[in-house]
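Trainee: Could you walk me through one part of this model up close, the open sheet, and then show me how it sits in the rest of the protein?

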Amino acid sequence: QVQLVESGGGLVQAGGSLRLSCAAAGSTSLIDAMGWYRQAPGKQRELVATLTRGGSTEYADSVKDRFTISRNNVWNWVYLRMNSLKPEDTAVYYCNARKESYPISEYWGQGTQVTVSS
């Protein structure tokens with residue numbers, strides 16, 4: 001089992017920055033990838049950024065060149081640096097961890113609210 005706890009959300013003006021943090025606990029050695037997803041009101045949850053243990057990253061087109069995902073060496077903290085925030089970035093942001101070996105498992109945090117005012 002893996003437990004995830006997000007922090008760092010809040011209210012920020014358009015053009016501002018925030019850094020989200022995700023603390024992972026439990027069987028973190030089994031994690032193959034971690035990432036951030038977001039869900040805006042009335043919309044489906046969508047991928048924001050992912051990071052594999054090997055260092056590969058993937059970003060949603062809408063956040064490329066503005067957001068950066070990173071982690072510490074021990075793989076129990078994952079961060080999302082968000083720059084040049086826009087009102088459309090407003091959403092609940094969720095931390096995600098995946099174990100891709102059998103049995104495949106996926107874990108989620110409780111979410112942290114990010115609100116960008118115009």
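**The open sheet and its surroundings**

Mentor: Let's start with overall size, because with 118 residues a compact globule would have a radius of gyration near 13 Å, and the protein has 14 Å, which agrees. Keep in mind that this is a predicted model. Along its principal axes, the C-alpha trace spans about 45 × 25 × 20 Å. The accessible surface comes to about 6300 Å², and carbon and sulfur atoms own 47% of that. Buried residues make up 42% of the 118.

As for secondary structure, you'll find eleven strands and zero helices, so to speak a plain run of β elements from the N terminus on. Contacts reach a long way along the chain, too: among those with a separation of 6 or more, 54% are between residues 24 or more positions apart.

Now for the part you asked about. Four strands make up an open sheet, in the order β1-β3-β8-β7, and their pairing is antiparallel. β1 and β7 are the edge strands, each pairing on one side only. From one strand to the next, the twist averages 15°. As a reminder, strands of a sheet pair through backbone hydrogen bonds, either parallel or antiparallel.

Take the sheet from the β1 edge. β1 and β3 run antiparallel and are joined by six bridges. To find your place there, look for Q3, which stands opposite A25 in β3. Further along, E6 has C22 of β3 as its bridge partner. Then step across to the next pair: β3 and β8 are also antiparallel, with six bridges between them. Here A23 is the residue to pick out, standing opposite W77 in β8.

What does the sheet have to do with the interior? The largest nonpolar core has 30 residues, and L4, M34, W36, L80, M82 and Y93 touch the most other members. Each of the four sheet strands, β1 (2-7), β3 (18-26), β7 (67-71) and β8 (77-82), supplies at least two residues of this core. The same goes for β4 (33-39), β5 (46-52), β9 (91-99) and β11 (112-117). That fits a general habit: in soluble globular proteins, nonpolar side chains tend to be buried together.

One more spot is worth a look once you leave β8. D89 is placed in the loop between β8 and β9. Its relative accessibility is 1%, so D89 counts as buried, the cut-off being under 20%. Which residues does D89 touch, leaving aside its neighbours within four places in sequence? They are R38, R66, F67, S84, V114 and V116. F67 brings you back to the sheet, since β7 covers 67-71. V114 and V116 fall within β11 (112-117). In the same region, D89 and T115 are 7.5 Å apart in space, C-alpha to C-alpha, although 26 residues separate them in sequence.

Conventions. Residues are numbered from 1 along each chain as its sequence is written. This is a predicted model: local features need pLDDT of at least 70, side-chain atom pairs count only at pLDDT 80 or more; totals for chains, interfaces and linings use all residues. Side-chain values use heavy atoms; hydrogens and water are left out. A nonpolar core is a set of buried Ala, Val, Leu, Ile, Met, Phe, Trp, Tyr and Cys residues joined through side-chain atoms within 4.5 Å. Buried means under 20% relative accessible area, exposed over 50%, partly exposed in between (1.4 Å probe, protein chains only). Two strands pair if DSSP finds at least two bridges between them. Axes are lines fitted to C-alpha atoms, for helices over the stretch in contact, and angles run from 0 to 180 degrees between N-to-C directions. The radius of gyration is taken over C-alpha atoms; the globule rule is 2.2 Å times the number of residues to the power 0.38. Contact means heavy atoms within 4.5 Å. Accessible areas come from the Shrake-Rupley method with a 1.4 Å probe; for residues, only the protein chains shown count as cover.
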